[in-house]
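Student: Could we work through this model together, with questions about its rings, its core and its pocket?
Tutor: Yes, let us take the topics one at a time and reason each of them through.

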Amino acid sequence: MSRLLTRFVLALLTLTGSLLVEPPAIAQELAEEKKREAAAHYHEGRRLFDQELYDAAIERFRRAHELYPAPANVYNIAKSYERLGASNLCVESYQNYLKLHQSTHGRPAPDAVDVRNAIEK
């Protein structure tokens with residue numbers, strides 16, 4: 001009886017485990033969907049920034065960053081804070097941008113000197 005029970009439990013675990021693991025294709029599709037949604041938020045943020053609606057732009061850039069973290073999102077948040085005159089938030093965002101770019105790309109941001117100069121202002 002214990003041998004039958006063991007086989008049953010193993011079969012149940014195998015079946016349950018296969019239901020809990022996402023097939024790679026589904027996981028890839030979900031990642032691509034998040035990336036597309038992030039891009040839509042990013043482009044909306046750029047449109048709002050161009051219209052000088054900086055608070056709204058920050059929200060779109062943040063949402064894009066939540067979905068798909070990228071240095072460009074943080075940079076644009078910093079630029080928006082700069083335009084709003086929110087110095088502390090601007091500096092903090094620029095510093096986060098520099099750190100994220102370094103950790104993401106393994107090298108300093110190409111505009112690191114300009115960003116550091118903006119921080120010093």
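Student: Which residues are linked into a cluster by ring pairs?
Tutor: The model is a predicted one, so every statement here concerns computed positions. Rings count as a pair if their centres lie within 6.5 Å. Ring pairs of this kind link three residues into a cluster, and these are Tyr 75, Tyr 94 and Tyr 97.

Student: How many degrees lie between the planes of the aromatic pair of Tyr 42 and Phe 61?
Tutor: By the ring-pair rule, the count comes to four aromatic pairs. Tyr 42 and Phe 61 form a tilted pair, with 5.8 Å from centre to centre, and this pair links distant parts of the chain, since Tyr 42 lies in helix H2 and Phe 61 in helix H3, 19 residues apart. Planes under 30 degrees apart would count as stacked and those over 60 as edge-to-face, whereas the angle in the pair of Tyr 42 and Phe 61 is 55 degrees.

Student: Is Phe 61 buried or exposed?
Tutor: A residue counts as buried under 20% relative accessible area and as exposed over 50%. Tyr 42, at 23%, is therefore partly exposed. Phe 61 has a relative accessible area of 0%, so Phe 61 is buried.

Student: Why does Ala 31 count as partly exposed?
Tutor: Ala 31 is found in helix H2, and its C-alpha is 8.9 Å from that of Tyr 68, although 37 residues separate Ala 31 and Tyr 68 in sequence. The range between buried and exposed runs from 20% to 50%. Ala 31 counts as partly exposed because its relative accessibility is 42%.

Student: Which residues touch the most other members of the largest nonpolar core?
Tutor: This core has 18 residues, and helices H2, H3, H4, H5 and H6 each supply at least two of them. Leu 98, for instance, touches Ala 109, Ala 112, Val 115, Arg 116 and Ile 119, leaving aside residues up to four places away in sequence. The members that touch the most others are Tyr 94, Tyr 97, Leu 98 and Val 115.

Student: Which element gives the largest share of the lining of the largest pocket?
Tutor: The largest pocket holds about 170 Å³ of space, and its lining includes Tyr 81, Cys 90, Tyr 94 and Ile 119. The elements that give two or more residues to this lining are H4, H5 and H6, and the lining residues divide into seven nonpolar, two polar and two charged. The largest share, four residues, comes from H5.

Methods:
Residues numbered from 1 in each chain as written. Predicted model: local features only at pLDDT ≥ 70, side-chain atom pairs only at ≥ 80, totals over all residues. Heavy atoms only, no water. Core = buried A, V, L, I, M, F, W, Y, C linked by side-chain atoms within 4.5 Å. Buried < 20%, exposed > 50% of the residue type's maximum accessible area, 1.4 Å probe, protein only. Contact = heavy atoms within 4.5 Å. 1 Å grid on protein atoms, 1.4 Å probe; cavity = no way out; pocket = protein on both sides within 12 Å on 5 of 7 lines; lining within 4 Å. Points joined across faces, edges and corners; volume = space filled by probe spheres on them. Nonpolar A, V, L, I, M, F, W, Y, C, P; charged D, E, K, R; others polar. Phe/Tyr/Trp six-rings, centres within 6.5 Å; stacked < 30°, edge-to-face > 60°.
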